[in-house]
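Colleague: Please take one part of this model and go through it closely. I want the pairing, the packing around it and how far to trust the coordinates.

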Amino acid sequence: MKVFVLFVAIAVAAWQCHGSDHGHEYQIFPLRMKTGHGGHYIPEVSCQSWRLGVEAHNVIDWKTVPLDCEGYIGNYILGDQYRSDSKTVAREAYYYAKTLNITAKDIWVFDVDETTLSNLPYYADHGFGVEPYNATAFNEWVDLGEAPALPESQKLYKKLLSLGIKIVFLTGRPLEQKAVTVTNLKLAGYNKWEKIITKDTSIYHGKTAVTYKSTERKKLEEQGYKIIGNIGDQWSDILGTNTGDRTFKLPDPLYYIS
Ligand SMILES: [Mg+2]
């Protein structure tokens with residue numbers, strides 16, 4: 001019996017070795033995911049591709065999440081993958097920050113929505129980005145001041161503070177929502193910052209987020225600050241000018257701001 005078991009074990013080991021040593025023998029393409037009956041579209045796979053396109057900034061200027069992807073995006077954003085993706089970003093940001101020699105003028109720019117605070121309770125009630133943006137409904141939610149923290153960003157925030165880095169919040173929220181944003185940030189556990197910059201719509205009306213944020217970052221640098229890091233969920237948080245020494249893009253398949 002022992003001899004037989006040994007024989008089987010050797011045979012299995014030899015087979016596995018053969019497989020890994022001669023990868024070219026595998027038929028890669030026949031292993032691809034099935035693409036549905038007679039076609040090349042199944043929602044789960046197509047929605048993953050769409051999300052990747054969004055995160056890589058190949059898909060731009062989109063208005064709403066594709067209708068077929070509501071379930072997929074809902075599962076993604078409420079599930080472990082979104083948290084894991086966010087954790088990876090925050091961890092890389094911290095590893096980078098740890099390598100720096102911090103001075104008193106070093107700042108890290110944080111966006112607010114879907115970066116510092118999470119509007120998931122709102123989006124869970126509004127189709128996870130499938131519904132067209134409703135400013136009235138969204139502002140009512142913001143004005144409640146109840147948005148929870150995005151846990152991974154909050155950990156990063158605390159670690160950056162412990163390294164002696166100053167935090168600047170730069171948000172597209174208008175001046176009129178500054179007070180409620182401050183209240184919300186404190187409620188969510190953010191208690192220390194160098195500045196919080198909200199958008200003066202009398203200056204930036206009709207301007208893109210890229211222009212607004214670039215201009216405000218430039219002002220910070222003119223005040224003597226050095227932007228060593230910059231994190232946001234939108235590409236418009238990290239594109240443009242004066243973007244900082246390094247940028248970090250958090251996932252956000254819910255909406256697009258140019
Ligand atoms: Mg944001």
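Modeller: The sheet comes next, followed by a helix pair and the confidence.

This is a predicted model, so local features need pLDDT of at least 70, side-chain atom pairs count only at pLDDT 80 or more, and totals for chains, interfaces and linings use all residues. Numbering starts from 1 along each chain as its sequence is written.

Start with the sheet. It is open, has 5 strands in the order E3-E2-E1-E4-E5, and pairs in parallel. Two strands pair if DSSP finds at least two bridges between them. Strands (E, at least two residues) and helices (H or I, at least four) are DSSP runs numbered from the N terminus. The edges are E3 (195-199) and E5 (247-249), each paired on one side only. Neighbouring strands are turned by 20° against each other on average, direction ignored.

Now the pairs. Strand E2 (residues 166-174) joins E1 over 4 bridges, in the parallel sense. There, Ile107 stands opposite Lys166 of E2. E2 also pairs with E3 in the parallel sense, again over 4 bridges. Pro174 has Lys199 in E3 as its bridge partner.

A helix covers part of this. H10 (residues 209-222) lies across E1, E2, E3 and E4 (226-232), and runs at about 150° to E2. Axes are lines fitted to C-alpha atoms, for helices over the stretch in contact; angles run from 0 to 180 degrees between N-to-C directions. Contact means C-beta atoms, placed from the backbone, within 7 Å.

Next, a helix pair. H4 (residues 80-98) packs on H7 (residues 151-162) at about 10°, with axes 8 Å apart. That makes H4 roughly parallel to H7 (angles under 35 degrees count as such; over 145 is roughly antiparallel, 65 to 115 roughly perpendicular, the rest oblique). From H4, the residues in contact include Ala90 and Tyr94; from H7, Leu156 and Leu160 are among them. By class, this contact has 6 nonpolar, 2 polar and 5 charged residues. Ala, Val, Leu, Ile, Met, Phe, Trp, Tyr, Cys and Pro count as nonpolar, Asp, Glu, Lys and Arg as charged, and the others, Gly among them, as polar.

Finally, trust. The chain averages a pLDDT (the predictor's confidence in each residue, from 0 to 100) of 91, and 85% of the residues score at least 70. Confidence is highest in E1 (residues 106-110), at a mean of 99, and lowest in H1 (residues 2-21), at 50. Residues 12-20 fall below 50, and that stretch has 0 contacts beyond near neighbours in sequence. Where pLDDT is low, predicted coordinates should not be read in detail.

Key:
Two residues are in contact if their C-beta atoms, placed from the backbone, lie within 7 Å.
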